[in-house]
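Please load the model in your viewer and keep the selection panel at hand. The tour below moves from one selection to the next and says what is found at each stop.

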Amino acid sequence: MPLTNLPPFAADLVADLESLGTERVDTPVIQPAEPFLDMAGEDLRRRIFMTESETGKSLCLRPEFTIPVCLRHIETATGTPKRYAYLGEVFRQRREGANEFYQAGIEDLGEPDAARADARAVHDALHVLANRLPGVPLAVTLGDQSVFEAVVAACGLPAGWQKRLVHAFGNQERLSRLIADLSSPEPSGVFGPEVERLAILGKLDDEAALAAHIDATMEATGYSTNASRSPVEIARRLREKIELASTRLDARTLSLLTGFLSLELTLAEAPAALAAFAGKAGLALDDALARFDARVAALSDAGVDAAAITYRAAFGRPLDYYTGLVFEVTPKGDPAVLAGGGRFDRLLTLLGATDRIPAVGFALWLDRIAAAERGAA
Amino acid sequence: MTITIGLPSKGRMKEDASAILARAGLPVVAVGNDRSYRGRVEGRDDIEIAFLSASEISREIGNGTIDFGVTGEDLVREGLAEADARVEFCARLGFGHADVVVAVPEIWLDVDTMADLGDVAADFRARHGRRLTIATKYWRLTQQFFSGNHGIQLYRIVESLGATEGAPASGSADIIVDITSTGATLTANHLKILTDGVILKSEACLVRARKEAHAGDPVVTDIVGRVRDTLR
């Protein structure tokens with residue numbers, strides 16, 4: 001393998017990103033590890049290269065650019081909107097491919113018009129790819145977590161279930177298993193002997209009394225009542241769990257959910273299909289669908305052909321921080337993701353920004369683009 | 001070829017491991033005094049014994065610097081990535097029983113399964129401004145079990161090298177992943193094991209490094225055969 005694997009087209013790609021009205025940023029290769037583990041979860045630890053500073057601080061080699069770019073934005077406090085572009089090496093232990101490879105991309109922070117910013121992200125990714133891979137037919141898959149959230153909410157499901165469903169979204173297998181669990185006639189939920197004892201004593205009926213009992217037990221057993229889960233939190237969730245144990249997902253809601261999740265059609269047809277779904281199901285999805293339609297309109301304003309994009313209702317990306325749009329671009333008939341992105345409206349607040357900063361972005365895999373280029377040559 | 005067996009260098013595990021080998025007709029004697037870290041098997045010039053700490057045994061087997069070892073399955077699976085590809089568990093020896101379990105405070109009356117824990121973890125940051133924390137020395141087993149088996153990603157591990165059971169009460173972590181044999185320490189610390197929270201039922205095992213040179217080596221076959229016969 002060559003010592004540097006920067007593809008020869010890197011300079012042209014940087015010029016493309018610049019022509020899209022972005023400001024180039026660079027970030028240190030060595031990053032604090034905490035934000036990545038916090039945002040992406042502990043599982044990431046196995047896949048990043050970690051080390052420690054002399055003072056015991058956890059550090060890692062930059063595994064991606066979104067978090068470093070956002071952190072840099074928060075530190076420099078230069079205000080929004082901002083369009084940042086980057087190109088540089090990232091480091092991840094992958095099952096296939098090299099452990100260090102180049103990524104480029106755009107992070108669009110603070111644009112108040114979400115539809116416009118979403119459309120621009122998809123447009124920019126396709127624009128850059130088309131310039132690098134002329135003649136390679138591309139497939140775009142698009143999903144929207146917020147539409148699923150709206151469907152689940154409009155179905156009037158218990159809050160505990162909504163959270164579980166939304167959390168499993170994007171992972172087909174987990175979501176199907178969860179829906180099967182919720183609709184199975186078997187009563188769900190396991191309760192310990194102490195809960196049964198409290199039930200016999202009638203101590204579960206009143207939340208305040210239950211919380212007081214939990215509080216007293218914690219005091220007596222030397223558990224702090226404010227270091228971790230509080231008595232009220234435990235009491236509330238226990239009552240919620242008891243209620244859910246006897247509730248089942250009814251046949252109608254089950255068919256609504258599975259019907260929605262099986263939707264797959266061109267983005268051009270999606271607004272009408274979603275409206276028809278909402279009408280037939282009698283669900284109030286107006287706000288979510290208005291945002292969805294506005295994005296489709298913004299895409300055609302940006303010159304993107306919605307008929308060439310596949311909308312899949314069940315499509316999500318396996319990262320907790322996406323909040324709305326998600327999309328991926330591959331060569332047609334090939335699973336290699338050349339570009340992937342989405343909207344992450346909560347991330348900057350979680351990273352410490354004092355203002356709410358809506359954000360959308362995408363990343364390009366330069367090694368895969370180079371491979372697709374070689375395949376086309 | 002001389003075959004090296006790594007045995008625990010002290011305590012109950014050392015006695016039990018030596019006893020099994022003695023019953024298998026492989027009596028272990030120390031070289032020099034009985035504090036020595038090298039040993040041999042009486043009448044067998046083709047076997048060497050290395051007395052090592054239990055966690056060293058799993059590491060040395062992973063490296064292939066020793067051929068066999070007697071150590072806990074938990075240490076091998078925690079110490080080695082893709083353990084089954086690198087080592088063979090030849091025999092379960094019936095001592096050193098310990099379960100690696102997920103335990104939460106007893107007072108979490110609403111949490112009895114991993115699914116409950118998944119719900120709590122998903123909500124944790126919104127409520128507490130931080131992730132759910134797990135005190136453990138079993139990083140690998142915890143990650144595999146939580147992410148691989150149960151799809152739970154949203155937690156943080158805090159390393160704990162001793163008195164892990166005390167972490168939830170002291171506030172240094174919310175829950176623990178630890179070994180337990182009788183459950184007495186967990187109960188004393190007001191912790192309960194989740195009904196589907198047993199990650200691994202561990203015991204002492206005769207473990208072999210998967211080395212090509214072992215194929216067709218009569219000494220290797222002999223050791224495995226003798227130990228297995230003893231356990232019948």
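Begin with α5 and α6 of chain A, whose crossing is right-handed; bear in mind throughout that this is a predicted model. To bring the pair into view, select residues 145–154 of chain A for α5(A), and then add α6(A), noting that the two axes come within 10 Å and cross at roughly 160°. Because an angle over 145 degrees counts as roughly antiparallel, α5(A) is described as roughly antiparallel to α6(A).

Now show the side chains where these helices touch: on α5(A) the contact is made by A:Phe148, A:Glu149, A:Val152 and A:Ala153, and on α6(A) by A:Gln162, A:Leu165 and A:Val166. If you colour this contact by residue class, you will find five nonpolar residues, one polar and one charged.

The next stop is a second pair of helices in chain A, α9(A) and α10(A), which pack at an angle of about 130° with their axes 8 Å apart. This angle makes α9(A) oblique to α10(A), and the crossing of the two is right-handed. Select A:Glu207, A:Leu210, A:Ala211, A:Ile214, A:Asp215 and A:Met218 on α9(A), and you can follow how they meet A:Pro231, A:Val232, A:Ile234, A:Ala235, A:Arg236 and A:Arg239 on α10(A). The residues of this contact comprise eight nonpolar and four charged ones, with no polar residue among them.

With these helices still highlighted, bring chain B into view and turn to the interface, where 33 residues of chain A are in contact with 27 residues of chain B. Which helices of chain A each supply at least two residues of the side that touches chain B? They are α2 (34–40), α6 (159–168), α8 (193–200), α9 (207–220) and α10 (231–245). Of the elements of chain A, α10(A) gives the most to this side, with five residues. Colouring the chain A side of the interface by class shows 13 charged residues, alongside 10 polar and 10 nonpolar.

Step back to see chain A as a whole, with its 15 helices and 12 strands. Its C-alpha atoms fill a box of roughly 75 × 60 × 40 Å along the principal axes, and buried residues make up 38% of the 377 residues in the chain. Of the contacts in chain A with a separation of 6 or more, 70% are between residues 24 or more positions apart.

Then hide chain A and look at chain B, which has nine helices and 12 strands. The C-alpha atoms of chain B fill a box of roughly 65 × 35 × 30 Å along the principal axes, and 47% of its 232 residues count as buried. Select residues 54–227 of chain B, the stretch that an unreviewed UniProt entry annotates as "domain: ATP phosphoribosyltransferase catalytic". Over this stretch the chain is 38% helix and 30% strand, and the C-alpha atoms at its ends are 19 Å apart.

For the last stop, select helix α5 of chain B, residues 114–128, and within this helix pick out B:Arg127. Is B:Arg127 buried or exposed? B:Arg127 counts as exposed, because it has 11 C-beta neighbours inside 10 Å, where the cut-off for an exposed residue is 12 or fewer. Finally, draw a distance from the C-alpha atom of B:Arg127 to that of B:His97, which lies 30 residues away along the chain, and the separation comes to 38 Å.

Notes
Residues numbered from 1 in each chain as written. Chains lettered and ligands numbered in written order. Predicted model: local features only at pLDDT ≥ 70, side-chain atom pairs only at ≥ 80, totals over all residues. Contact = placed C-beta atoms within 7 Å. Helix = DSSP H or I, 4+ residues; strand = E, 2+ residues; numbered from the N terminus. Nonpolar A, V, L, I, M, F, W, Y, C, P; charged D, E, K, R; others polar. Buried ≥ 20, exposed ≤ 12 C-beta atoms within 10 Å, placed from the backbone. UniProt positions renumbered as here; feature names shortened; annotations may be inferred. Axes fitted to C-alpha atoms, helices over the stretch in contact; angles between N-to-C directions. Parallel < 35°, antiparallel > 145°, perpendicular 65-115°, else oblique. Left-handed = near helix turned anticlockwise from the far one by under 90°.
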